[in-house]
Amino acid sequence: MILITGGAGFIGSNFVLDWLAASDEPIINLDKLTYAGNLHNLQQAQSAGSRYQFVKGDIADSTLVGQLLDANAIRAVVNFAAESHVDRSILGPEDFIQTNIVGTFRLLEAVRAHHKNLSSDAAKAFRFLHVSTDEVYGSLSKTDPAFTEDKRYEPNSPYSASKAASDHLVRAYHHTYGLPVLTTNCSNNYGPYHFPEKLIPLCILNALAGKALPIYGDGQQIRDWLYVKDHCSAIRRVLEKGALGEVYNIGGWNEKPNLDVVHTLCDILDELSPRTDGHSYRTQITFVTDRPGHDRRYAIDASKLERELGWKPAETFESGIRKTVRWYLDNTAWVDTVTSGAYREWVDKHYGHRS
Ligand code: NAD
Ligand code: TYD
C-alpha cells in the first residue's frame with residue numbers, strides 16, 4: 001500500500017484518480033484540507049471501495065503519520081502536501097514555512113522511524129518520493145539554457161525558498177540516514193481540478209464570467225507548461241524505476257509567454273463557447289501591476305528522465321490546453337464548489353488593490 005500526502009489538491013487528486021485506474025495497489029490519502037484541498041476532486045475515487053482511504057490530518061503530525069505508516073505496512077510515500085501559490089506566499093509566508101519546511105521535516109522523521117523498523121527486504125524496497133518544483137532553480141534570461149538537475153538553487157519567492165529548503169532536507173535524510181528518497185522538480189502544471197487562483201483556470205473562469213483577465217506586468221514572463229496527467233505518469237515512473245537519492249526534472253518542453261497562453265485560452269473559448277455579443281474574450285485582457293520579484297522565465301530540461309527512465313509526456317500544449325478548457329466547460333458543478341466564500345475573499349484581497 002502507498003501513502004500520499006496532499007492528495008485532495010490539484011496534482012495529488014489527479015494522481016489518486018490515475019493511480020486507482022492504473023494499479024490494484026491500495027492508496028491512503030493524508031490531507032489537511034486547507035483552502036486548496038477539495039474532496040469533490042475525489043468523488044470518482046469512492047467507487048474504488050477499500051482500495052482508497054482518506055485521512056484528514058497534517059504532515060507535521062508525526063504521531064499520526066507514524067501510526068498510518070506502521071498500521072498499513074506502507075511501502076512508499078509520495079509527498080505532494082504543500083502551500084503552493086506564489087502570490088499567497090508573498091502576502092503571508094508563515095504557512096509556507098510551517099508546511100513546506102517544518103511539515104516536510106516532521107514527515108521525514110516519521111518515515112525515518114518507520115523505515116528503521118522494517119525488515120531488510122522491506123527497507124530495501126521502501127521509497128520516499130518528494131514532489132517539488134522548477135521554481136527552486138530561480139529565474140532564467142531568454143537565452144539561458146533550460147534547468148538541468150545540476151542547476152544551482154536560487155529561489156526568489158517565499159514559496160520557492162520553502163520548497164528549496166524541503167528539497168535540501170530530503171537530500172540530507174538520504175545522505176545522513178540512508179533514507180531511500182527520490183526528488184522530482186516539475187514545471188508549471190495545468191489541467192482538471194486546478195484551483196482558480198492560478199493563471200490558467202483563473203482566466204478560463206473570469207472569461208466566462210465576463211470579468212477581467214489580469215496579466216501581471218508586460219505578460220512576457222515565460223513558464224514551461226505540462227499537462228497534469230503527464231506529471232502524474234512521470235511520478236509513477238520515477239517511483240517505479242528511479243535510482244535512490246536521485247533528482248529528476250519533469251517537463252514537456254512547452255515554454256510560453258503568459259500573454260500567449262491567455263490568447264490561446266481566449267481563442268479556444270471563442271470557438272467552444274463564444275460570447276453572445278460576438279466579441280472575442282481577448283477584449284477582457286487587462287494589464288495589472290506586476291508581482292513583486294516576478295521570475296522572468298522557467299524552462300525544464302527533462303532529458304535525464306527520458307534518457308534514464310524512458311518517460312515522455314503524452315500531451316502537447318495544444319492538445320492539453322484544449323482538453324483543459326473543455327473540462328472547465330463540462331464541470332460547472334465542480335467550479336461552483338470552489339468559487340465559494342473563501343475563494344471570493346482571496347480574489348478581493350489579492351486583486352482588490354491592483355490597478
Ligand atoms: P495544491 O495547493 O493544489 O494542493 C496542496 C494540497 O496539500 C491541498 O490538498 C492541501 O489541503 C494539502 N496540504 C497543505 N498543507 C498540508 C499539511 N500541512 N498537511 C497535509 N496536507 C496539506 O498544490 P498542487 O498544485 O497540487 O501541488 C502539489 C505539489 O506539487 C506541491 O508540493 C507543489 O509544490 C508541487 N508542484 C506544483 C506545481 C504546479 O504547477 N501546481 C508544479 C511543480 C510542483
Ligand atoms: P501561477 O499560475 O500563479 O503559477 P507560478 O507563479 O507558480 O508560475 O502564475 C503563472 C504565471 O502567470 C506567472 O508568471 C504569474 C502570471 N499570472 C498573471 O499574469 N496573472 C494572474 O492573475 C496570475 C494568478 C498569474
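**Figure 1. Asp87 in helix H3 and its contact with Arg291.** In this predicted model, Asp87 has a relative accessible area of 3% and is therefore classed as buried, the limit for that class being under 20%. The residue belongs to helix H3, and its side chain makes a polar contact of 2.7 Å with the side chain of Arg291. Arg291 is in turn one of the closest residues to ligand 2, and helix H3, which spans residues 86-91, is among the elements that give two or more residues to the shell around that ligand.

**Figure 2. The surroundings of ligand 2.** Ligand 2 is surrounded by 18 residues, of which Glu135, Pro214, Arg291, His294 and Tyr351 are the closest. Three polar approaches are shown in this view. A nitrogen atom of the ligand is 2.7 Å from a polar backbone atom of Pro214, whereas an oxygen atom of the ligand lies 2.9 Å from an N or O atom in the side chain of Asn258, and a polar side-chain atom of His294 is found 2.7 Å from an oxygen atom of ligand 2. Of the 510 Å² that ligand 2 exposes when taken alone, the protein buries 97%. Two or more residues of the shell come from each of helix H3 (86-91), helix H7 (199-208) and strand S8, and the largest share, three residues, is that of S8. Divided by class, the shell comprises seven nonpolar, five polar and six charged residues.

**Figure 3. Strand S8 and its parallel partner S12.** Strand S8 covers residues 213-216, with Leu213 and Ile215 pointing one way and Pro214 and Tyr216 the other way, and all of these residues are buried. Such an arrangement follows a general pattern, because in a regular strand the side chains alternate between the two faces of the sheet. S8 and strand S12 (residues 285-288) run parallel and are joined by four bridges, and within this pairing Ile215 stands opposite Phe287 of S12. Pro214, on the other side of S8 from Leu213 and Ile215, is the residue whose backbone supplies a polar atom 2.7 Å from a nitrogen atom of ligand 2.

**Figure 4. Asp218 in the loop that follows S8.** Asp218 is located in the loop between S8 and strand S9 (222-227). At 37% relative accessibility this residue counts as partly exposed, since that class lies between the limits of 20% and 50%. The C-alpha atom of Asp218 is separated by 7.1 Å from that of Phe287, although the two residues are 69 residues apart along the chain. Phe287 is also the residue of S12 that stands opposite Ile215.

**Figure 5. Aromatic pairs around Trp327.** The structure holds 16 aromatic pairs. In one of them, the rings of Tyr193 and Trp327 have their centres 4.8 Å apart and their planes at 65°, so the pair is edge-to-face, an angle over 60 degrees being what that class requires. Tyr193 lies in the loop between strand S7 (188-190) and H7, while Trp327 lies in helix H11 (residues 317-330), so the pair ties together parts that are 134 residues apart in sequence. Both partners count as buried, Tyr193 at 10% relative accessibility and Trp327 at 14%. Trp327 also forms an edge-to-face pair with Tyr328, with 5.0 Å from centre to centre and 80° between the planes, and Tyr328 is likewise buried. Elsewhere, ring pairs link Tyr137, Phe147, Tyr153 and Tyr298 into a cluster.

**Figure 6. The surroundings of ligand 1.** The shell around ligand 1 contains 28 residues, and the closest are Ile11, Asp31, Ser84, Tyr159 and Lys163. Backbone atoms take part in two of the approaches shown: a polar backbone atom of Gly9 is 2.9 Å from an oxygen atom of the ligand, and a backbone N or O atom of Phe10 lies 3.0 Å from an oxygen atom of ligand 1. Ser84 contributes through its side chain, a polar atom of which lies 2.7 Å from an oxygen atom of ligand 1. On its own, ligand 1 has 840 Å² of accessible area, and the protein covers 97% of this. The elements that give two or more residues to the shell are helix H1 (10-22), strand S5 (127-133), helix H6 (158-177) and S7, with S5 giving the most, namely three residues. By class, the shell is made up of 12 nonpolar, 12 polar and four charged residues.

Technical notes. Residues are numbered from 1 along each chain as its sequence is written. Chains are lettered from A and ligands numbered from 1 in the order in which they are written. This is a predicted model: local features need pLDDT of at least 70, side-chain atom pairs count only at pLDDT 80 or more; totals for chains, interfaces and linings use all residues. Side-chain values use heavy atoms; hydrogens and water are left out. Buried means under 20% relative accessible area, exposed over 50%, partly exposed in between (1.4 Å probe, protein chains only). Two strands pair if DSSP finds at least two bridges between them. A residue is near a molecule or strand if one of its heavy atoms lies within 4 Å of it. A polar contact is a pair of N or O atoms within 3.5 Å; within protein, one must be able to donate a hydrogen and the other to accept it, and residues adjacent in sequence count only if both atoms are side-chain atoms. Accessible areas come from the Shrake-Rupley method with a 1.4 Å probe; for residues, only the protein chains shown count as cover. Ala, Val, Leu, Ile, Met, Phe, Trp, Tyr, Cys and Pro count as nonpolar, Asp, Glu, Lys and Arg as charged, and the others, Gly among them, as polar. Rings of Phe, Tyr and Trp (its six-membered ring) pair if their centres lie within 6.5 Å; planes under 30 degrees apart count as stacked, over 60 as edge-to-face and the rest as tilted.
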